[in-house]
Amino acid sequence: MALTPTKVRLATHGMAIAQTLLWACLYYSFPATLLTWHQQLAWSIADVSLAFTICLVASALCSPFIGRLIDKGFGPRVLSCSAMLGGMALLAVSQVQSLWQFYAAWLVLGCASAGCLYEPCFAFLTRYRGDNAKSAITKVTLYAGFAGTLSFPLCHYLIDLLGWRMTSMSLALIVLLIATPLLFISAKLIQGAQSSELGKTKAIANIKQSSAPNAQLKNAVFWFIALAFSLSALNHTVLVNFLLPSMHALNFSADNAVLVMAMIGPMQVLGRIAMISVDKRLSNTLITMLCFGSLLVAAGLLWQLDHLQHLIWLFVVLQGSAYGVTSILRPVLTKQLLGEQGFGAISGMLAVPYLLASASAPFLGAFAWQLNQQQGIFGLVSLSAGLGFMAMAACCLQQTAKITRYQKLTAKPK
């Protein structure tokens, strides 16, 4: 028997809290502890940063497999077992003595992240919440938008109090004792919200049409979606890594520069709240185009900072809010344009270029910085924003053309 709406809402909030803890511990703990590892283990920044790239690449490679498991109905077990693996990987991080051990731990952590962070969570919610998936995903991202706000001060405090090894162990315990069981219970409740018969029907349909996700590789809309959102990931990750040194080169005060970086996360949450207010009046496609347009305008503002430093605040609002909304729209638009059948596998395939773009961002940003410092960074950000906008526009035009052709074929003769 289906669960009451109240229990489903509570389960969604539980999943949101679990995602917040997982992002804080498994993702943001790396940048929060990076300088400490560099200083105390005598490894270069580049050597330490390579571990995070390994983590993202591993996550990208595991994503399609994870998506197919979710399609087959293993969502609760995939999410919780992956979170458990992530907690154990954090325990391994706390014990490393050499660089190869550090890389191995983050390789495992990347595989775990592929099964318990946004991609699998959104695929799971899309599968089991149906038309309510968008609101459920929005709730999750509203909570998880504060993961960085939680992680940085928590890691800073714990490192000062206990040292980085005990800090990693503490984060591991948060994952193992709080996030993992909360994720499992929430996922089981959400999965149980469907009648068992409906679940069986969908499972049979997924098995019979298991080739549907691979068929999307011949669909131009699939590739436009992959390109657009991967470019948005590249755009934002380059900024997260190189906006601070760019502001330093433009003679921003240290306090203002830190405040700008601190405001990006809250602006993502603000953008998601704004989306909720216009959700009933604007289509998903239009909101997505507005977001990519905002990223493009924000990139243009960067070129004016040399003379008008106060524009940085408008930049933060446009960049942060637009990127925050795209994290919701990516699974929602994918379902709308590519369909629900085999969504987990499709989402996993789309995650590969998205995560690889994020992984390549530090290297491309470093290359751009060597070419022309902040001007090189601004050029890379503008190029990725412009190409992303064009890819999303092409996606919308392609889909409109398909709908028009369908309407002509099905139109009754007068």
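**Exercise 1. Find where helix 12 bends, and by how much.**

Solution. Helix 12 bends by about 50° at Phe 242. Now scan ahead for a proline: Pro 245 follows within four residues. Keep in mind that this model is predicted.

**Exercise 2. Check the end-to-end span of helix 12 against its number of residues.**

Solution. Helix 12 covers residues 220-249, which is 30 residues. The rise is 1.5 Å a residue, applied to one less than the number of residues. The expected span is therefore 44 Å. The end C-alpha atoms lie 41 Å apart, which agrees.

**Exercise 3. Describe what flanks helix 12 at each end.**

Solution. Start at the N-terminal end. Asn 219 caps it, with a side-chain oxygen 3.0 Å from the backbone nitrogen of Val 221. Then go to the other flank. Just after the helix, Asn 251 has a positive phi of about 65°.

**Exercise 4. Locate the salt bridge and say which parts it ties together.**

Solution. The count comes to 1 salt bridge. Its partners are Glu 119 and Arg 330, at 2.4 Å, N to O. Glu 119 belongs to helix 6 (residues 118-129) and Arg 330 to helix 15 (residues 311-338), so the pair links parts 211 residues apart in sequence. Next, test burial, using the cut-off of under 20%. Glu 119 has 15% relative accessible area, so it is buried. Arg 330 has 11%, so it is buried as well.

**Exercise 5. Is Val 93 buried or exposed, and which residues does it contact?**

Solution. Val 93 lies in helix 4 (residues 75-93). Its relative accessibility is 0%, so Val 93 counts as buried. Leave aside neighbours within four places in sequence: Val 93 then contacts Trp 37, Phe 102, Ala 105, Trp 106, Trp 164 and Ser 168.

Conventions:
Residues are numbered from 1 along each chain as its sequence is written. This is a predicted model: local features need pLDDT of at least 70, side-chain atom pairs count only at pLDDT 80 or more; totals for chains, interfaces and linings use all residues. Side-chain values use heavy atoms; hydrogens and water are left out. Helices (H or I, at least four residues) and strands (E, at least two) are DSSP runs, numbered from the N terminus. The bend at a residue is the angle between axes fitted to the seven residues ending there and the seven starting there. A polar contact is a pair of N or O atoms within 3.5 Å; within protein, one must be able to donate a hydrogen and the other to accept it, and residues adjacent in sequence count only if both atoms are side-chain atoms. A salt bridge is a side-chain nitrogen of Lys or Arg within 4 Å of a carboxyl oxygen of Asp or Glu. Buried means under 20% relative accessible area, exposed over 50%, partly exposed in between (1.4 Å probe, protein chains only). Contact means heavy atoms within 4.5 Å.
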